[in-house]
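These are my notes from a session with one protein model, kept in the order in which I looked things up. I began with a backbone oddity and worked outward from there.

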Amino acid sequence: MIVVLSDARDLLFHPVPHEPVNQLTKPTLRPLCVLAALLSAAACNPTPAAKPVAAAASANHAATGPLDYTPPPDSLIPHDEMGNSIRRGLALVTHTTDSLPAFAPGNIQCTSCHIDGGRRRDAAGLMGVYARFPKFMDRSGAVIPLEDRVNYCFTRSLGGSKLPTDSREMQDIVAYLAYISTGVPVGRHVIGESMPKMSKLAGDTARGAALFATTCVMCHGAEGQGNPPAFPALWGPKSFSIGASMAREERAATFIRHFMPQNNPGSLTDQQAWDVAAYVDSHLRPDSPGKHDDWPNGGAPADVPYDTKGHVAYRPPVGTLFSRANPSAGIVPPPASVIRSATAVHSTKGAR
Ligand code: HEC
Ligand code: HEC
């Protein structure tokens, strides 16, 4: 019994195994981790028999804060069918526009923001993401699966079309995301996921324009058009859409503050990052169909650049956004109830 327990702990806290990687990369990992959590919770309890599952689950969610987690390296991706899928997923997030031109028509890849295939801490880090879903998102007002979250980035951050959830390519991407989550217990957060918050400053677009000309133009171009495939577009018809997080000044400022200019990251002050973020986000970009339905219960962050319930657009770009070739493919509706949908059709036409 003691041997089993310490093995289970090894799985939890040393996610990069010496040999049996295959086992760890399969979806069976999740039950294993829950089992491990149950076992170790039981071990600390004087009357172990009756430890309820819910208690162990909520302990996982809250008790110990984010894990200091390093995902396994590409070199440990197994050489089998599962490994092939993981490798295809990595290729898809890295070469998104080449691989999936019908779904990613812009000049911007998943890894233009999720640096190092989502392994770079604080660059919208994707390590551990498989353990964070399903998840409630207030922007959607619903609990959504990981596939829908990936599709939010296809439709909003890439200004593209949603990938069918049951496609091989979607499952390859999910397989890769599960791989860089190996060993993270369900519901647990990890250090480096998402992006750090910036203290609030007022961005000045004129100062931002001057800084852009000296510090960003050589890679991203004077029109923000980028230089494919290495240098992504920052605005215009081939960049992220108005519905992307990066279209919010605070989100863009934190990314730029920590990771740009790419040849000298960390060299800008907070104020400079806000200024140049304001300048970047002041430009026209692809529209995001259905955007006014975001945050259906209100509570949009202050810098969202379009109207939503109870929120007035913050410094929206002036002019007409680029319309989308196939608007309906750019909307990912929240999961519909099979029980409630028959009546819901009458009250909230075509909506959530
Ligand atoms: C323009 C930048 C950008 C691009 C391009 C982009 N994303 Fe994202 N993505 C983000 C940001 C910002 C977040 C939100 C991070 C946070 O939680 O604050 C995010 C969140 C995610 C999440 C959820 C992370 C979590 O912890 O909840 C997943 C999964 C994801 N993206 C996958 C992808 C995939 C796959 C692609 C390519 C199809 C992609 N992204 C393209 C910026 C981008
Ligand atoms: C040396 C080239 C280089 C310079 C200079 C540079 N970038 Fe980038 N930028 C990149 C690359 C490459 C990426 C993709 C992520 C990565 O690989 O680091 C990127 C990604 C981005 C992104 C997220 C992806 C997107 O398309 O929106 C933003 C925003 C951004 N840069 C803004 C800036 C700003 C603002 C400056 C000037 C302060 C700047 N960059 C300077 C090369 C550069």
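**Entry 1: a short helix and its neighbourhood**

I started at D116, which I found in helix 7. The model I am reading is a predicted one, and I kept that in mind when I saw that D116, although not a glycine, has a positive phi of about 55 degrees. I counted 15 other C-beta atoms within 10 Å of D116, so I noted this residue as partly exposed.

I then moved to G117, which also belongs to helix 7, the run of residues 115-118. Is G117 buried or exposed? It counts as buried, because G117 has 21 C-beta neighbours inside 10 Å, and the cut-off for buried is 20 or more. Leaving aside residues up to four places away in sequence, I found that G117 touches L90, V93, T94 and T111. I also looked up the separation between G117 and L92, which are 25 residues apart along the chain, and their C-alpha atoms are 9.9 Å apart.

**Entry 2: other backbone points**

I looked for a further positive phi and noted R315, which is not a glycine and has a value of about 40 degrees. R315 sits in the loop between helix 13 and helix 14, the latter spanning 341-347, and it is partly exposed, since 13 other C-beta atoms lie within 10 Å.

I also recorded two cis peptide bonds. One joins F133 and P134, with omega about 0 degrees, and P134 is placed in the loop between helix 7 and strand 1 (135-137). The other joins P228 and P229, again with omega about 0 degrees, and P229 lies in the loop between helix 11 and helix 12.

**Entry 3: confidence and overall make-up**

Before going further I checked how far the model can be trusted, and wrote down a mean pLDDT of 86 for the protein, with 79% of its residues at 70 or more. Over residues 1-51 the pLDDT is below 50, and this stretch has 58 contacts in the model beyond near neighbours in sequence. Residues 345-352 also stay under 50, and for them the model has 6 contacts beyond four places in sequence.

For the whole protein I noted 14 helices and 2 strands, and buried residues make up 41% of its 352 residues. Among contacts between residues at least 6 apart in sequence, 69% join residues at least 24 apart.

**Entry 4: the largest nonpolar core**

Which residues of the largest nonpolar core touch the most other members? In this core of 65 residues they are I173, Y176, L177, I256 and A277. The elements that give two or more residues to the core are helix 5 (81-94), helix 8 (146-157), helix 9 (168-179), helix 12 (249-259) and helix 13 (270-281). Helix 9 gives the most, with 8 residues. The core draws at least three residues from each of domain 1 (1-194) and domain 2 (205-321).

I followed up L177, and found that it touches L126, V129, Y130 and L146, not counting residues up to four places away in sequence.

I also looked at helix 12, which is mostly covered, as 9 of its 11 residues are buried. Among the buried ones are the charged residues E249, E250, R251 and R257, alongside F255 and I256. What covers the buried residues of helix 12 includes helix 13.

**Entry 5: the two ligand shells**

Around ligand 1 I listed 26 residues, of which C110, C113, C153, S157 and S245 come nearest. Helix 8 gives the most to this shell, with 5 residues. The shell divides into 16 nonpolar, 6 polar and 4 charged residues, and it draws at least three residues from each of domain 1 and domain 2.

Around ligand 2 I listed 27 residues, and the nearest are C216, C219, P232, P261 and Q262. Helix 11 (217-220), helix 12 and helix 13 each supply at least two residues of this shell, with helix 12 giving the most, 4 residues. By class I noted 21 nonpolar, 6 polar and no charged residues.

Why does the shell around ligand 2 lie between domain 1 and domain 2? I put it there because both domains, 1-194 and 205-321, give residues to the shell.

Notes. Residues are numbered from 1 along each chain as its sequence is written. Chains are lettered from A and ligands numbered from 1 in the order in which they are written. This is a predicted model: local features need pLDDT of at least 70, side-chain atom pairs count only at pLDDT 80 or more; totals for chains, interfaces and linings use all residues. A nonpolar core is a set of buried Ala, Val, Leu, Ile, Met, Phe, Trp, Tyr and Cys residues joined through C-beta atoms within 7 Å. A residue is buried if 20 or more other C-beta atoms lie within 10 Å of its own, exposed if 12 or fewer, and partly exposed in between; C-beta atoms are placed from the backbone. Domain bounds come from an automatic or database domain assignment. Two residues are in contact if their C-beta atoms, placed from the backbone, lie within 7 Å. A residue is near a molecule or strand if its C-beta atom, placed from the backbone, lies within 6 Å of it. pLDDT is the predictor's confidence in each residue, from 0 to 100.
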